[in-house]
Amino acid sequence: IEPMNSVDQGKKAVVAFQKGYENKRFIRWCITDKKVDKVIGLITLHNFDEWNLKAEIGYMLNRKYWRLNVMSEAGEKVIKYAFEVMKLHRIEASIHPDNIASINLSEKLGFKREGLRRGSAYNRRTKIFEDRLIYGLVKDIGFQD
């Protein structure tokens with residue numbers, strides 16, 4: 001996602017976040033810097049499967065905050081919320097094979113690599129279908145309260 005260039009863009013994003021939540025399509029949390037009132041990233045639960053009690057997790061973080069454990073702290077809280085409040089059974093992460101930081105984060109959060117989906121994600125920027133690694137976290141197997 002490209003950076004927002006105006007307050008109006010930010011307001012529209014907040015409305016979209018609220019509608020996504022109200023329509024049970026996704027839950028998106030903004031991550032802020034604890035020292036300043038500034039959004040530095042997002043973490044999302046989406047693609048809910050109510051029958052199988054599962055969802056996907058996605059996240060993005062301003063590059064300046066990489067390697068500071070910001071996303072692992074947020075991820076732990078979202079996972080706890082997903083399992084304890086939402087009563088999900090499983091959370092999945094779909095990760096580009098070259099995204100070593102996301103792979104490492106997922107493994108740090110307890111996700112296990114389960115396989116590769118070939119050509120499963122269309123990249124609008126490059127206009128190419130890309131592979132995705134699938135990582136899973138199952139409440140009864142890997143989640144530690």
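Trainee: Okay, helices here are DSSP runs of H or I with at least four residues, strands are runs of E with at least two, and both are numbered from the N terminus. With that sorted, which element is Arg90 in?

Mentor: Arg90 belongs to strand 4. Keep in mind that this is a predicted model.

Trainee: Is Arg90 buried or exposed?

Mentor: Arg90 counts as buried, because its relative accessibility is 15% and the cut-off for buried is under 20%.

Trainee: Which side chains does Arg90 make polar contacts with?

Mentor: There's one of 2.8 Å to the side chain of Glu92. Another, of 2.4 Å, joins the side chains of Arg90 and Glu114.

Trainee: And what else does Arg90 touch, leaving out residues up to four places away in sequence?

Mentor: Glu114 is on that list too, along with Leu53, Lys54, Ala55, Phe83, Gly136, Leu137 and Val138.

Trainee: Let's move to the largest nonpolar core. Which residues there touch the most other members?

Mentor: Ile57, Ile79, Ile91 and Phe111 do, out of 26 residues in that core.

Trainee: Which elements give two or more residues to this core?

Mentor: Among the strands, you've got strand 2 (39-49), strand 3 (54-61), strand 4 (90-95) and strand 6 (128-138). Helix 2 (70-85) and helix 3 (100-108) are in there as well.

Trainee: Which one gives the most?

Mentor: That's helix 2, with seven residues.

Trainee: Can we zoom in on Ile91? What does it touch, again skipping residues up to four places away in sequence?

Mentor: Quite a list: Leu45, Ala55, Glu56, Ile57, Ile79, Ala82, Phe83, Phe111, Tyr135, Gly136 and Leu137. You'll spot Ile57, Ile79 and Phe111 from the core group we just talked about.

Trainee: Over to helix 3, then. Is Ile103 in that helix buried or exposed?

Mentor: Ile103 lies in helix 3, and Ile103 counts as buried because its relative accessibility is just 9%, where buried means under 20%. Beyond residues up to four places away in sequence, Ile103 touches Ile95, His96, Pro97, Leu133 and Tyr135.

Trainee: How far is Ile103 from Leu45?

Mentor: They're 58 residues apart in sequence, and 17 Å apart in space from C-alpha to C-alpha.

Trainee: New topic: pockets. How much space is in the second largest one?

Mentor: About 400 Å³. It has 18 lining residues, and the closest to its centre are Ile31, Thr32, Lys34, Val70 and Glu73.

Trainee: What does the lining look like by type?

Mentor: Eleven of the lining residues are nonpolar, two are polar and five are charged.

Trainee: Where do those residues come from?

Mentor: Strand 1 (26-32), strand 2 and helix 2 each supply at least two of them. Helix 2 has the largest share, at six residues.

Trainee: Last thing. What's phi for Lys87 and for Lys127?

Mentor: For Lys87 phi is near 60°, which is a positive value in a residue other than glycine. Lys127 also has phi near 60°.

Trainee: Where are those two found?

Mentor: Lys87 sits in the loop between helix 2 and strand 4, and Lys127 is in the loop between strand 5 (112-123) and strand 6.

Trainee: Why does Lys87 count as exposed?

Mentor: Because Lys87 has a relative accessibility of 52%, and exposed means over 50%. Lys127 is exposed too, with a relative accessible area of 60%.

Technical notes:
Residues are numbered from 1 along each chain as its sequence is written. This is a predicted model: local features need pLDDT of at least 70, side-chain atom pairs count only at pLDDT 80 or more; totals for chains, interfaces and linings use all residues. Side-chain values use heavy atoms; hydrogens and water are left out. A nonpolar core is a set of buried Ala, Val, Leu, Ile, Met, Phe, Trp, Tyr and Cys residues joined through side-chain atoms within 4.5 Å. Buried means under 20% relative accessible area, exposed over 50%, partly exposed in between (1.4 Å probe, protein chains only). Contact means heavy atoms within 4.5 Å. On a 1 Å grid over the protein atoms alone, a cavity is a set of points where a 1.4 Å probe fits but cannot get out, and a pocket is an open set with protein on both sides within 12 Å along at least five of seven lines; lining residues have an atom within 4 Å of a point. Grid points are joined across faces, edges and corners, and a volume is the space filled by probe spheres set on the points. Ala, Val, Leu, Ile, Met, Phe, Trp, Tyr, Cys and Pro count as nonpolar, Asp, Glu, Lys and Arg as charged, and the others, Gly among them, as polar. A polar contact is a pair of N or O atoms within 3.5 Å; within protein, one must be able to donate a hydrogen and the other to accept it, and residues adjacent in sequence count only if both atoms are side-chain atoms.
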